[in-house]
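User: I would like a close look at a single part of this model, followed outward to whatever it connects with. Please keep the account formal and continuous.

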Amino acid sequence: EAWHIYGLCLSEFGRYFASEDYYLQAIDQFKRGLEIKSSHALLVHGIAAAYFSIGEMKNDVEALEKAIVYFNQAADLGA
């Protein structure tokens, strides 16, 4: 749960400062949480949202494709 909250905070910093670096840090924190519980839907959703934000901010198709993969995983997990 703490990794999820930390990742959300970093994502909000990324949104506020329009900084890809904060989103990437958020993704790292969400992934650290997944090391503990690999089926945590909110962590997977956080990764998806961070990739989506990067893709939207930078018009990066690769990041948007990653977001789709993670959104699908989150949906499979019940998010």
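In which helix is the place of Phe17? Please describe the surroundings of that residue and then go on to the salt bridges and the other helices.

Analyst: The model is a predicted one. Phe17 has its place in helix H1, which covers residues 2-17.

Aromatic side chains are the natural place to begin. The structure contains 5 aromatic pairs. In one of them, the ring centres of Phe13 and Phe17 lie 6.3 Å apart with their planes at 35°, and the pair is therefore tilted. Both residues belong to helix H1, where 4 residues, or about one turn of the helix, separate them. That spacing can be read against the geometry of the α-helix: with 3.6 residues a turn, residues three or four places apart point the same way. Phe13 is also paired with Tyr22: their ring centres are 5.5 Å apart and their planes stand at 45°, so this pair too is tilted. Tyr22 lies in helix H2, which runs over residues 20-36. Phe13, Tyr16, Phe17 and Tyr22 together form one aromatic cluster.

The cluster also bears on the surface. Phe13, Tyr16 and Phe17 make a nonpolar surface patch of about 400 Å². Phe13 has a relative accessibility of 42% and is classed as partly exposed. Tyr22 is likewise partly exposed, at 27% relative accessibility. Because a patch takes in residues with over 30% relative accessible area, the value of 27% leaves Tyr22 outside it.

Charged contacts come next. The structure has 3 salt bridges. One of them is in helix H1, where Arg15 and Glu12 are joined with their closest N and O atoms 3.4 Å apart. These two residues are 3 residues apart in helix H1, which means that about one helical turn separates them. Arg15 is partly exposed at 49% relative accessibility, and Glu12 is partly exposed at 44%.

A further salt bridge joins the side chains of Lys58 and Glu20, at 3.4 Å from N to O. This pair links distant parts of the chain, since Lys58 is in helix H3 (residues 41-58) and Glu20 is in helix H2, 38 residues apart. Lys58 has a relative accessible area of 48% and is partly exposed; Glu20, with 26%, is partly exposed as well.

The side chains of Glu62 and Lys66 also meet in a salt bridge, with an N to O distance of 3.9 Å. Both residues lie in helix H4 (residues 61-76), 4 residues apart, and are thus separated by about one helical turn. Glu62 is exposed, with a relative accessible area of 51%, whereas Lys66 is partly exposed, with 34%.

Helix H3, which holds Lys58, deserves a separate description. Its 18 residues should span 26 Å at 1.5 Å a residue, and the end C-alpha atoms are 26 Å apart, in agreement with that expectation. The buried residues of H3 are Ala41, Leu43, Val44, Gly46, Ile47, Ala48, Ala50, Tyr51, Ser53, Ile54 and Gly55. These buried residues pack against H1, H2 and H4. Just after H3, Asn59 adopts a positive phi of about 55°.

To return to the starting point, Phe17 of helix H1 takes part in the aromatic cluster with Phe13, Tyr16 and Tyr22, and helix H1 is among the helices against which the buried residues of H3 pack.

Note on methods. Residues numbered from 1 in each chain as written. Predicted model: local features only at pLDDT ≥ 70, side-chain atom pairs only at ≥ 80, totals over all residues. Heavy atoms only, no water. Patch = residues over 30% accessible without salt bridge, like charges linked within 9 Å, V, L, I, M, F, W, Y side chains within 5 Å. Areas by Shrake-Rupley, 256 points an atom, 1.4 Å probe, with all protein chains shown as cover. Salt bridge = Lys/Arg side-chain N within 4 Å of Asp/Glu carboxyl O. Buried < 20%, exposed > 50% of the residue type's maximum accessible area, 1.4 Å probe, protein only. Expected span 1.5 Å × (residues − 1). Contact = heavy atoms within 4.5 Å. Phe/Tyr/Trp six-rings, centres within 6.5 Å; stacked < 30°, edge-to-face > 60°.
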